[in-house]
Structures are given as C-alpha cells and as structure tokens.
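Work through these exercises with the structure open beside you. Try each task before you read its solution.

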Amino acid sequence: MQLHSTIETVTARIRERSQPTRGAYLERLALTAQRQPGAERLGCANVAHAFAALPINDKFRVVAERAPNIGIVNAYNDILSAHAPMQHYPEIIKVEARKLGATAQVAGGVPAMCDGVTQGTAGMELSLFSRDVIAMATAVSLSHDVFDAALMIGVCDKIVPGLLIGALHFGHLPTVFVPAGPMTSGLSNNEKSKVREKAAQGLVGRAELLEAESKAYHGAGTCTFYGTANSNQMLLEAMGLHVPGTAFVNPGNAIRDELTREAVRTVLDITKARRFAPIGQVVDERCIVNAMVALLATGGSTNHLIHWVAVARAAGIVIDWDDFSALSEVVPLLTRVYPNGSADVNQFQAAGGPGFVIRELLDAGLMHADVLTVRAGGLREYTGIPAVNTESGALQWVDAGASKDDTVVRPASAPFSTHGGLMLLQGNLGRSVIKVSAVPDDRHVIEAPCRVFDSQDALHLAFNANELNQDVICVVRWQGPHANGMPELHKLTPPLAVLQGKGFKVALVTDGRMSGASGKVPAAIHVSPEAAAGGPLAKVRDGDVIRLDATTGTLEVRVAADEWAKRELATMPEAQRAANGLGMGRELFANMRRNALAAEEGACSWL
C-alpha cells in the first residue's frame, strides 16, 4: 500500500526540521557503538566491582567468554497495581539469559508514582516531573556502562516515557520494553463514573464511593480504561519496541511469563546477530510518526502530546502540535474504548487489540512499514496476536482477523470517525489541545461566560455553593509547568460532568493537564503559553465570553482586540506560588519548575 501523502509530508518536514539535532544524535550514537564491550574496555577494578556479586558461572561467561550482559532497569513497586507483577521479572529474565548463554543484572530501579493515588493532592504536582526523574534514574542505572543490551520494565503514565527518554540517551544499546498487562475487568468504567457523579452531588457517601472504586480497581495490572498507561502500551507496539502483542495480556495469564522470556530472546537476537537495531536507530522520525498515528487512531491520552514531544527530543527529533493536527485530519478513529466508549482494554484486546489496529493502519497507508523494530520481521510482526502452540508449547502469532466487536474496533474502511481523536485549538487564548473522541458531537462547540479560578479547590468550592448552575466555561489557571508542575486535574471531571448532565453548556479551559481518563466534558487543556509565563489566560476576567470550537479548531475570548491588547496580566498570588513549592518534597523540584519548557515543547526540564 502506498503511503498516504499527508503521512509522507509530515514525516518529511519533521525530518528536515530535525536534521541538525538528529544528525548530532546519530553521530554520538555511532561513536559510542564503536567501542569495545565494557568488560574489555574498563579497568580491572571497574570490571571487578561490576561483577563481584554475580554467581561464578555468570562471572566467567561475561568476563572470560565475553557473553552478552543485559542491563535490567526496573520500575517495580507494589503500590502501583500495574507494576506489582514485575517483582519476579528479573529472576525470570536472568534464568532465560543463562539458558541462552548470556547474563543479566538489575542495573537499577526507577521511581514510579501512581496518579490514581495522588490525584487532586499536593503529590500530583510531582507527577509530570517524575518523568524526567525516571529518565535520569535510567541514565544513572545504565551509566555503569557494562551492558550489551537493556530491558526496560515499566508500564504506567510517566514511567514508560521516562524509561524511553533515558534509554534513548543510551541509544547504542539494543533495548526491549517489558510490560505486565491490564488487570481483569471489574466494575465497569461507566458505572464507576456514575457513582463518582453521585458522590459529587452528595447523593452517596464515602462508603458507597469507596466500594465502587475498590470494585473497579481490584487487582494487579493497569487500570482498565484507555488512559495514559494503556496508551503507552499501544504506542510502544506501534513503535516496534515490545515483543509483538505483549501490551494487553493480563498478569497471571499463562502466556505472560513466556512473553517476558521472549523479550530476553528478542534483545539477544539483536545483540548476538549484530543486527543493527539499537534503540537510537529504531526510534527515527518514521517511528515517531507511527506512534503519533496510533495515538490518534485510538483516541489515546492527551498526556502524550507532551510526553512524546519529549521522547522525540531525546532522539534528536523535533515535533510539535501542528504535526499532530495535520495527522489528525487524515487518520481515522478506529477504536471506542473508555473514555471514548464503554468498552475497557480487555474488551479491546478481545476484539482485535493493537494487532488489528496496526494492520488496518498499515494496509491503509497510514503508517510507515519500512521501519526498524526490535524484531527481524519489522512492523508487520505487530499485526499478530500471541498464542501458545498447543502441541509444542512454543509462542506463535495468529492473524488478528476481522473485528470481533465492531462497537469497539473497526476497519479503516468503516471508522468511527474520519479524523483522529485529538485536536489542536488556537486563538487569542493561545494554543491548546482537546480530546474530541470522548466528547458528544453536540458539545464540540461551547460558547458561554467564564468563571476564573486560581485552583481546582476554588472550583470545587464554587460548585458546592451552587454557583455554577448555568452555562459556564471554567478557566483554571496557574496550573502549568512553571506554576506548580502541571498536575492532572481529573478531580474536576465529576462536578463538571454533573453540570453537563443538568443540561448546561459546560467546558474547561486550563494550562494544566487532564487525566487520560478524562472524557465527555469538553476540555481545552495544556494552554500555552501558561498563565504563570505571561500567557493570555492571565488576562481573562470573570464574565468574559469564551468560545471553544472543536469543529474549526479555535479557542477565543470574545473581547474587542483593542481592549484585549490593553488589558493587564494578572499575576499569580504570591502566597499560592510559595505554597506550591512547600511540602510533599516539592522543594526538591524547584529547579525543574524554573527551567521547564512549555507543554508544546514537552515540558522538558533538561534542555
């Protein structure tokens, strides 16, 4: 299938724009790749320290036999349901490596916080920057520089982008990502949301709410909605960085451990065969475009319009929201998974999953097929679904076939929508993004007077005081990277959903983030430049009429141009700024808040 002209055009302009930075990156990668293996290159004391604790047979292999040594970077902890299964992964990996004549060491651990635990609390203000901390921790882990390959163990929101950014700074290493899969289905996401809305209205108490939440989040694995964590996994499949079809196999499934072993076999295949597929070569501009297309085709998390900009920058590739916007015009929406529909990711997997989506996009000429992946068969391998051969017990991949449920996944010839699930909004309030795939068509245009809030708590107080029972656009400012680390504001979803359910026209406009689980309420998020950096949200006043139009891609305040130009910028209350930097370890992140780039530039703190 011939590549769609828009995919080709966007890729070409990214390549041209990135030429200086990508060229410099590849030059560094090539120089590093030319070195001798660490056990031969390093001094004797360095080598002795590195392998002192290895079993004697492993030590002999890596030093005397020059066997490949795999570095494991592990994000395991047991407060994240998605990461709890990873406790035993290192031992599985080491045993498999020994069988294959190699060795493996846990190079280091990286922090992994749960946005579900910290949502609406001060801890959430560490969330976005934890991505960069994870990237740095990955770099520290790999800086021992005795590894021939790497396995990245992690799943959730900032963890995968952080691991990927860190791994790309060691782009000479063959690298495979190892996930754990989603928890089995519990209370449906729709039912959970209904209980949350009742709680926001005071119709149910804490006991009923906790019961519902506990039935929804009930076991090991990622949350079952298609939020940032599960979007991560879809994008890694589209980039060819997983064992094919690994993303949405549940923990405890008989095939799960075998897929982890296959990750070892996969990374050693690259290493031993000297097939030139280190991660820095795999992640080129075509690979990044494939990830962007997969995000749009599945209506994935808005967080990735920040995270994947940062990921691309780590590989010397420069992308922006105009690129996402251009792709969104031609990439069809192929899935309906909560919050874009009622199905959860287990139903998505059962209906065809990533394999179905990637096949449809390749066949429609909407993804680059001529890319490197961690597999010798390239991206076509990612159109299959893993299974165990009943006779041999070996892994095999079967064709995804037709959609098993066309209310969940559809072919590119009959999509849910002819355009992608995310859209760029721009106007005199700046540039922002909106997740249109989850918003009902009759809510794509909202025009109403606004209420301006300096915090999400202030909005909650107004809601509880019945001050918002009207058509209203809620502006929540001072929520960007410089102001307070750009927390997710998912705590605002229940009260705004209640107002919308009463028949009012409601929308949110903010320089903060929303959770990947945000849905039916129109939300213009990541507004850039942010208010704390002198962005136009600092000019907005109570009563100003704002128009959010997701059909034309505009976000405007209806104030005369001359008056708007003269209007003074509000400043962030000094007490609020001071409070944002105190407690919950926020003092340690002051430098990140000062140095972070804008949301559209990935909110990177290291550039």
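The exercises below concern a predicted model.

**Exercise 1. The open sheet**

Task: Find the strand order of the open sheet of 4 strands, and explain why one side of each edge strand is left without a neighbour.

Solution:
- Step 1. Read across the sheet. The order is S2-S1-S3-S4, and the pairing is parallel.
- Step 2. Look at the edges. Strand S2 (103–109) and strand S4 (175–178) stand there. Each has a single partner strand, so one side of each has no neighbour in the sheet.
- Step 3. Check the twist. On average, neighbouring strands are turned by 25° against each other, direction ignored.
- Step 4. Zoom in on one pair. Strand S3 (residues 149–153) runs parallel to S4, and 4 bridges join them. In S4, Val176 is the bridge partner of Leu151.

**Exercise 2. Two helices in contact**

Task: Describe how helix H8 and helix H11 cross, and name the residues that make the contact.

Solution:
- Step 1. Recall what is needed. A pair of packed helices is described by the angle and the distance between their axes.
- Step 2. Apply this. The axes of H8 (residues 159–168) and H11 (residues 228–239) come within 10 Å and cross at roughly 35°.
- Step 3. List the residues. H8 brings Val160, Pro161 and Leu164. H11 brings Asn232, Gln233, Leu236 and Met239.
- Step 4. Sort them by class. The contact has 5 nonpolar residues, 2 polar ones and no charged ones.

**Exercise 3. A hairpin**

Task: State how strands S5 and S6 pair, and find the residue with a positive phi in their hairpin.

Solution:
- Step 1. Take the strands. S5 (residues 384–388) and S6 (residues 395–399) pair in the antiparallel sense, over 5 bridges.
- Step 2. Pick one position. Gly384 stands opposite Asp399 in S6.
- Step 3. Move to the link. The hairpin has 6 residues between the strands. Gly393 takes a positive phi there, near 80°.

**Exercise 4. Salt bridges**

Task: Locate the salt bridges Asp58 with Arg61, Arg375 with Glu381, and Arg513 with Glu488. Is Asp58 buried or exposed?

Solution:
- Step 1. Start inside a helix. The side chains of Asp58 and Arg61 meet at 3.2 Å, N to O. Both lie in helix H4 (residues 56–63), 3 residues apart, about one turn of the helix.
- Step 2. Use the helix rule. With 3.6 residues a turn, residues three or four places apart in an α-helix point the same way.
- Step 3. Judge burial. The cut-off for buried is under 20%. Asp58 has 2% relative accessibility, so Asp58 counts as buried.
- Step 4. Take the next pair. Arg375 and Glu381 meet at 3.1 Å, N to O. Arg375 is at 12% and counts as buried. Glu381 is at 25% and counts as partly exposed.
- Step 5. Finish with Arg513 and Glu488, whose side chains meet at 3.7 Å, N to O. They link distant parts of the chain, 25 residues apart. Both are buried.
- Step 6. Count. The model has 38 salt bridges.

**Exercise 5. An enclosed helix**

Task: Explain why helix H18 is described as largely enclosed, and say what covers its buried residues.

Solution:
- Step 1. Count. In H18 (residues 353–363), 10 of the 11 residues are buried, so the rest of the structure largely encloses the helix.
- Step 2. Name some. Phe356, Ile358 and Arg359 are among the buried residues.
- Step 3. Find the cover. It includes H11, helix H14 (285–297), helix H17 (345–351), S5 and S6.
- Step 4. Look past the end. Gly365 follows H18, with a positive phi near 75°.

How values were computed. Residues numbered from 1 in each chain as written. Predicted model: local features only at pLDDT ≥ 70, side-chain atom pairs only at ≥ 80, totals over all residues. Heavy atoms only, no water. Pairing = 2+ DSSP bridges. Axes fitted to C-alpha atoms, helices over the stretch in contact; angles between N-to-C directions. Contact = heavy atoms within 4.5 Å. Nonpolar A, V, L, I, M, F, W, Y, C, P; charged D, E, K, R; others polar. Salt bridge = Lys/Arg side-chain N within 4 Å of Asp/Glu carboxyl O. Buried < 20%, exposed > 50% of the residue type's maximum accessible area, 1.4 Å probe, protein only.
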